[in-house]
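The following exercises concern a single protein chain. Please study the sequence and the structure before turning to the worked solutions.

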Amino acid sequence: FNQFDINAGQSADPNSASMQFGLIDNVRVETLALPIVTVTASAPTASETGPTSGMFTLSRVGDTSAPLTVNNTLGGTASNGVDYVTLSGTVTFAAGATDTNITVLPIDDALAEFTETVVLNLSGGVNYAVGTPANDTVSITDNDPTTIDVAVVQSSMYERVANDYITFQLQRR
C-alpha cells in the first residue's frame with residue numbers, strides 16, 4: 001500500500017492535510033447488476049360478468065437465483081377492495097422464476113358504472129431496478145343494466161324570448 005499526494009502525484013507525508021489516496025494491487029472490481037422488473041397487462045380486460053379476471057404479468061431479467069419481492073402502487077378509477085378484490089401492493093417472484101402474475105378479480109356490485117380502470121405502477125426497491133414499461137392498465141367492464149341519469153343544465157326560460165330553452169343533460173351508464 002503506497003500513499004500519494006493527489007495534488008503533486010508523489011509520495012506524501014501521512015500526517016499532511018492534503019487529500020490522499022492509496023494504490024492497492026490485485027484488486028478485482030465487479031459490477032453487481034440488479035434484476036430489472038417490468039409489467040404488462042397480459043389480460044387487459046376484466047368483467048363483473050362471471051366475474052372474469054384481468055391480469056398483470058411482471059417480468060424480471062438478471063439474477064433469478066433467489067426470491068424477489070417487488071413493490072407496486074395501484075391507481076385508476078376503480079377502488080382497491082371495492083371494485084376488485086384487495087391487492088396488497090407487493091408480489092414475490094419465486095426463486096428461478098422470470099415471470100409472476102397479479103390477478104385483478106372484479107367484485108360484482110349492483111351499481112351501473114362506466115368502465116373502470118386499475119393502473120399498476122412499479123415502485124423501486126433496493127434489490128431490483130424498474131425497467132420499461134413500469135406501469136400498465138386493466139379495464140373492468142360492468143354487467144349491470146344500463147341506466148340514464150338526467151340533469152338540468154339550464155333550468156329557466158322565458159316564454160316571451162324567442163329560442164329560449166331549458167337544457168337537460170342525459171348520461172348513459
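**Exercise 1.** Among contacts between residues at least 6 apart in sequence, determine what share joins residues at least 24 apart.

*Solution.* In this predicted model, 58% of such contacts in the protein chain join residues at least 24 apart. The chain that makes these contacts has zero helices and 14 strands. Of its 173 residues, 25% are buried.

**Exercise 2.** Identify the residues that touch the most other members of the largest nonpolar core, and the elements that contribute to this core.

*Solution.* Step one: the core holds 21 residues, and those touching the most other members are Val 37, Phe 56, Leu 58, Val 70 and Val 104. Step two: the elements giving two or more residues to this core include strand 4 (36-43), strand 6, strand 7 (68-75) and strand 12 (135-141).

**Exercise 3.** Establish where Arg 60 is found, and whether a salt bridge or other polar partners accompany its side chain.

*Solution.* Step one: Arg 60 belongs to strand 6, which spans residues 54-61. Step two: Arg 60 is buried, and the nearest side chain of opposite charge, that of Asp 63, is 6.5 Å away. A salt bridge requires the charged atoms to be within 4 Å, and Arg 60 has none. Step three: backbone oxygens are to be examined next. The side chain of Arg 60 has a polar atom 2.9 Å from the backbone oxygen of Ala 94, and it reaches the backbone oxygen of Thr 64 at 3.5 Å. Step four: beyond its neighbours within four places in sequence, Arg 60 is in contact with several residues, among them Ile 36, Val 37, Leu 68, Phe 93 and Ala 94.

Technical notes
Residues numbered from 1 in each chain as written. Predicted model: local features only at pLDDT ≥ 70, side-chain atom pairs only at ≥ 80, totals over all residues. Heavy atoms only, no water. Helix = DSSP H or I, 4+ residues; strand = E, 2+ residues; numbered from the N terminus. Buried < 20%, exposed > 50% of the residue type's maximum accessible area, 1.4 Å probe, protein only. Lys, Arg positive; Asp, Glu negative; His and termini not counted. Polar contact = N/O pair within 3.5 Å; in protein donor to acceptor, adjacent residues only side chain to side chain. Contact = heavy atoms within 4.5 Å. Core = buried A, V, L, I, M, F, W, Y, C linked by side-chain atoms within 4.5 Å.
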